[in-house]
Amino acid sequence: MTGPRESSSGRRLRCCCRLSCETKNETVGSEVNLAGRPGVAWHSGMRLYGSEHRRAGWLLVGGVAMMLAVGVYLIAQQHGNVRRNGEAGALNIARGLEASISARFDQSVASLKGVATDVAAAPRSEAAALHALQNAARYDPFSNWLGVLDSEGRWLVMVDQSGVRATAALEQAVLATLRKASDRGIALQPLLRPSATSEWLMPVTLPVPGGGTVFALVSASRIAAGTESLNLLPESIVALVGSDGTRLLRYTRGNEALVVNGPPLDARRLAQLRAAPAGYLDFFSQVYQRRQIAGFVRSATLPLYVAVLVPVDALDRQWLRDSLGPALVLLLGMIGIVAFGIRLRHALQSQQQALERQRYLAEHDMLTGLLNRDAFARRLRQEIARPDVGHIAMVLVNLSNFQVINDTFGHAVGDDVLIEISRRFGQMGVDEAAIFVARVGGDEWGIGAVQIDGDAGAHALAERLQTCLGAALTLSGVQLELSATMGLAVFPADSKDAIDLIRCADIAVHAGKNDMRRVSRYQQAMDTFSAEALALTSDFARALREGGLCQVYQPKIRLRDGVMVGVEALARWMHPQRGNIAPMRFVPLAENSELIHAFTRLMLAQALAQAAHWRHAGHLVPVAVNISANNLLDADFIDTLKALLEQHQLAPALLELEVTESALMRHAEVALHRLEELRSLGVKLSIDDFGTGYSSLAYLKRLPVHTLKIDQAFVLQMENDAADQRIVRASIQLAHGFGMKVVAEGVESEAAAMLLRDYGCDYAQGYHFARPMPAAELEARWLTSLAS
Ligand code: C2E
Ligand code: CA
Ligand code: CA
């Protein structure tokens, strides 16, 4: 039923379609790109990396870094250990070596002292010297040669370990190279090699009191012997240095690389050696061109320093070798931890994704990616709970004839239609934060808009949705025309509860479908299922039984001369507690229950009784009674009517039945059939509320009705609205074209009456002429002038 609330542009649109059947909404539309169907977009807007995961990731990185730091620290410390061990080792070895070398030289020193004593006591002759030497050689297994040098350096006698005198050539060679002993006791001299073939020999000298020098020559390899058993690093070097800084002998483990003599130590190094009986040195060796550490010990008995030199890079290499194992373990451990961390992170991520997906699925429609019904209700509830909540519009859009699309083009195309519509509606939600969109059913969408401008805002939203829907849609080469019924409900006017608001919109959709209206604003009258409605229904049933219902009558005026040509009977209910209840409230309750039959029967009975009464009084007053769609479907209706007409002995022509256009359209074929039966009874028929029901011209032409009543929505304001005027005029012409009379309803002004008269309208009804009134009043004021 179209009320004055609906926007005039909405009305105009419908009626143009309805009358011309060619003008349609010409919004430029889009071709649907099926390749780009939105499908399931559950991953969009998803938080993949939760802050907790990030935290766990940092923890892992921190752990690995810490482990690395500890590893590096330990390895560095190991470096220090290797260095310290190298120093300690070098010193210990130097101590051992010094002890063994000094002990071995003790033999030579004892021999030298014995010979010196003998030579000093005996006359200075070669023979005496030879004798003393041979004597000493018998007890000395260490010295290779023992000898005496004349104080003037004129002769030299020298024997081997067996006491055999050396050849003259050998003695001459030694005489040429051996220095005279200093007068400070035992001294070690630079090594000499008397003949090219023999080995290097270290002279140990002792001055003879009174002149001359006794000496022992010890082979360098004998001095160096025994290092195999020492725990020397391969590159370590043993160095023997005289107490005056003379480089005497250097060798490596196993007596290899024997190097004899060399430039004296520089003063600084010598001073370092002399500073302590034993210790370490760390220096860059000019000889070996590398950094070395040295452990050194001063011999207790000889003017000798024994040093063990360890190259620092050898130590470093050892450190590297030692660290390789732990470093590898550390590395493998870290790789393991990192791999574990990555796996863990992966597992957590997929778990998170699964959770997100579950949440997404719980809130979204899989086909279109829009919110689902639950999520929509939740959002609505949130909006209602806001402290600054204003008006909220809730529009439920129910697609018309979707089943036909599915059946004709298949479900895949059906899905594409749903996806495309969802995309269009969804875009509104994307563009405007105030709008949220959900797919709440198979072919049903819920659209919410906050902070709207009351009813007007809700209607404006519905119109935008209509425009969206009206844009061209081409699928599989077929251009589809989509239409939908939209139910409007507004917070807080209709309900203050989210779920209930959706229910209100749902009721409005159903009412819209019944009345063949595209946009249907929720009205309490539609709501036959609320607790209040149920209570009212039972009150209404009692009123039906106990006689709480009566009729008033509104004159129908012939415009040509202002004469009343009949009346419309309208039901009135005076509720014992609630007073007058409007038909708009109780008639829908009756229509939604079995009560409609009893109600219509009562109204017919009252109207016929009244008409019969007036006829007896001499007035032939045609009475119009409103009937509902369900009455037309009722197989017994015709019989009931016949019986009532007979009971009241009334000519059928005095009764007119008004059926709304939307009621006719709901059951078009049955209605047509029933109207024909009624017409053959002789009863008059009229189409009520014309202009709101979308009946087609073809259907109208077939209807066996006498009168067409233009809906008051087009008449109430017509003097101010050119579009209404066009619709009214077109309707009049149309009705006349089909041979029908025309009644204009809702005439409230003389201006409207004049316009209607100009357009050739036959009859009018409205407050301008008379309001509905009780029978007695009608008799007093109108029946005297009744046209016969
Ligand atoms: P309707 O059949 O269109 O009835 C006309 C309605 O317009 C009546 O409202 C009437 O009082 C009102 N009306 C008449 N002239 C004017 C006017 O100049 N201006 C305005 N604003 N309104 C005017 P009412 O009596 O409230 O009835 C409302 C509706 O309830 C009716 O609309 C009809 O559909 C239904 N109804 C009323 N009585 C019955 C009945 O006995 N049976 C059935 N099935 N429906 C009924
Ligand atoms: Ca009516
Ligand atoms: Ca009407």
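1. In this note, Ala, Val, Leu, Ile, Met, Phe, Trp, Tyr, Cys and Pro count as nonpolar, Asp, Glu, Lys and Arg as charged, and the others, Gly among them, as polar. The model is predicted. On that division, the shell around ligand 1 holds 10 nonpolar, 6 polar and 6 charged residues.

2. Which residues come nearest to ligand 1? Of the 22 residues around it, they are Gln554, Arg572, Gln712, Glu748 and Tyr767.

3. Three side chains place a polar atom by an oxygen atom of ligand 1. For Arg572 the distance is 3.0 Å, for Glu568 it is 3.1 Å, and for Glu745 it is 3.4 Å. Ligand 1 taken alone exposes 790 Å², of which the protein buries 88%.

4. Two or more residues of the shell around ligand 1 come from each of strand 20 (563-575), helix 14 (583-591), helix 15 (595-616) and strand 24 (684-690). Strand 20 gives the most, with 4 residues.

5. Glu745 also appears at the calcium ion (ligand 3), where it donates through OE twice. The other protein donors of this ion are Asp688 (OD) and Asp689 (OD), and the donors lie 2.2 to 2.4 Å from the ion. Along the chain their spacing reads D-D-x55-E.

6. Asp689 sits in strand 24, and Glu745 in the loop between strand 26 (741-744) and helix 23 (750-759); this pair, 56 residues apart, links distant parts of the chain. Are Asp689 and Glu745 buried or exposed? Both residues are buried.

7. A second calcium ion, ligand 2, is 3.9 Å from the calcium ion (ligand 3). Asp688 coordinates both ions.

Notes: Residues numbered from 1 in each chain as written. Chains lettered and ligands numbered in written order. Predicted model: local features only at pLDDT ≥ 70, side-chain atom pairs only at ≥ 80, totals over all residues. Heavy atoms only, no water. Near = heavy atom within 4 Å. Polar contact = N/O pair within 3.5 Å; in protein donor to acceptor, adjacent residues only side chain to side chain. Areas by Shrake-Rupley, 256 points an atom, 1.4 Å probe, with all protein chains shown as cover. Donors = N, O, S within 2.8 Å, 3.2 Å for Na, K, Ca; no water. Buried < 20%, exposed > 50% of the residue type's maximum accessible area, 1.4 Å probe, protein only.
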